[in-house]
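Here is a short, friendly briefing to read alongside the model. Take a moment to look over the sequence and the 3D view, then follow the bullets by topic.

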Amino acid sequence: MAKLKPLGDKLVIERLEAVEKTAGGIFIPDTAKEKPEQGKVVAVGKDVKEVKTGDQVLFAKYGPTEVKVNGKEYLLIKEEEILAVIS
């Protein structure tokens with residue numbers, strides 16, 4: 001990951017890839033795919049208490065801020081906007 005250090009209670013998340021094929025075998029074109037509201041935490045700010053780097057999390061659809069660093073997309077989000085940790 002590029003040097004992207006979240007401050008305070010913020011997290012940096014790498015969005016998980018959308019499903020490309022349905023259970024019935026139908027391929028979904030890129031234009032029809034919905035971005036999943038889950039991702040992997042790649043960095044945490046110093047005030048984050050309940051989530052750690054490497055956790056897979058669910059978050060609100062309109063909560064995160066999208067940023068691009070060196071051509072790669074990341075999400076910046078407050079810890080309070082994390083809905084759940086997937087185990």
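In this predicted model, strand β2 (residues 38-44) and strand β3 run antiparallel and are joined by 3 bridges. Strands here are DSSP runs of E with at least two residues, numbered from the N terminus, and two strands pair if DSSP finds at least two bridges between them. One bridge partnership to look for is K40 with Q56 in β3.

**How to read the model**

- Residues are numbered from 1 along each chain as its sequence is written, and side-chain values use heavy atoms, with hydrogens and water left out.
- As this is a predicted model, local features need pLDDT of at least 70 and side-chain atom pairs count only at pLDDT 80 or more, while totals for chains, interfaces and linings use all residues.
- The protein chain has a mean pLDDT of 85, and 79% of its residues reach 70 or more; pLDDT is the predictor's confidence in each residue, from 0 to 100.
- The lowest confidence in the list of elements belongs to β4, with a mean of 92, and the highest to β2, at 95.
- Where pLDDT is low, the predicted coordinates should not be read in detail.

**The sheet**

- What is the order of the strands in the open sheet? The 6 strands follow the order β4-β5-β1-β2-β3-β6, with antiparallel pairing.
- β4 and β6 stand at the edges with a single partner strand each, so one side of each has no neighbour in the sheet.
- On average, neighbouring strands of this sheet are turned by 45° against each other, direction ignored; the axes behind such angles are lines fitted to C-alpha atoms, for helices over the stretch in contact, and angles run from 0 to 180 degrees between N-to-C directions.
- Starting from the β4 edge, 5 bridges join β4 to β5, and T65 has L76 in β5 as its bridge partner.
- β4 and β5 also form a hairpin with 2 residues between them, and N70 in the turn has a positive phi of about 55°.
- Next, β5 is joined to β1 by 4 bridges, where K10 is partnered with K78 in β5.
- β1 is joined to β2 by 5 bridges, and L11 has V44 in β2 as its bridge partner.
- At the other edge, 4 bridges join β3 to strand β6 (residues 82-86), and F59 stands opposite I82 in β6.

**Strand β3 and the nonpolar cores**

- Which side chains of β3 point to the buried face? V57 and F59 point to one face and are buried, while Q56 and L58 point to the other and are not.
- F59 lies in strand β3 (residues 56-59) and is buried at 3% relative accessibility; buried means under 20% relative accessible area, exposed over 50%, and partly exposed in between (1.4 Å probe, protein chains only).
- F59 and I77 are 18 residues apart in sequence, with their C-alpha atoms 8.6 Å apart in space.
- Both F59 and I77 belong to the largest nonpolar core, which has 10 residues, including L11, V57, L75 and I82.
- A nonpolar core is a set of buried Ala, Val, Leu, Ile, Met, Phe, Trp, Tyr and Cys residues joined through side-chain atoms within 4.5 Å.
- The elements giving two or more residues to the largest core are β1, β3 and β5 (72-78).
- Apart from this core lies another one of 5 residues, among them V12, A43, V69 and Y74.
- Leaving aside residues up to four places away in sequence, L75 touches L11, V12, I13, R15, F59, P64, T65 and E66; contact means heavy atoms within 4.5 Å.

**Salt bridges**

- How many salt bridges does a search of the whole structure find? It finds 5, each being a side-chain nitrogen of Lys or Arg within 4 Å of a carboxyl oxygen of Asp or Glu.
- Side chains of opposite charge can pair when their charged atoms come close.
- E66 and R15 form one of these salt bridges, at 3.3 Å from N to O.
- E66 lies in strand β4 (residues 65-69) and R15 in strand β1 (residues 10-15), so this pair ties together parts that are 51 residues apart in sequence.
- E66 counts as partly exposed, at 42% relative accessibility.
- D9 forms a salt bridge with K10, the closest N and O atoms being 3.4 Å apart; D9 is partly exposed at 25%, and K10 is partly exposed at 31%.
- K46 and D47 meet in a salt bridge at 3.5 Å, N to O; K46 is exposed at 73%, whereas D47 is partly exposed at 36%.
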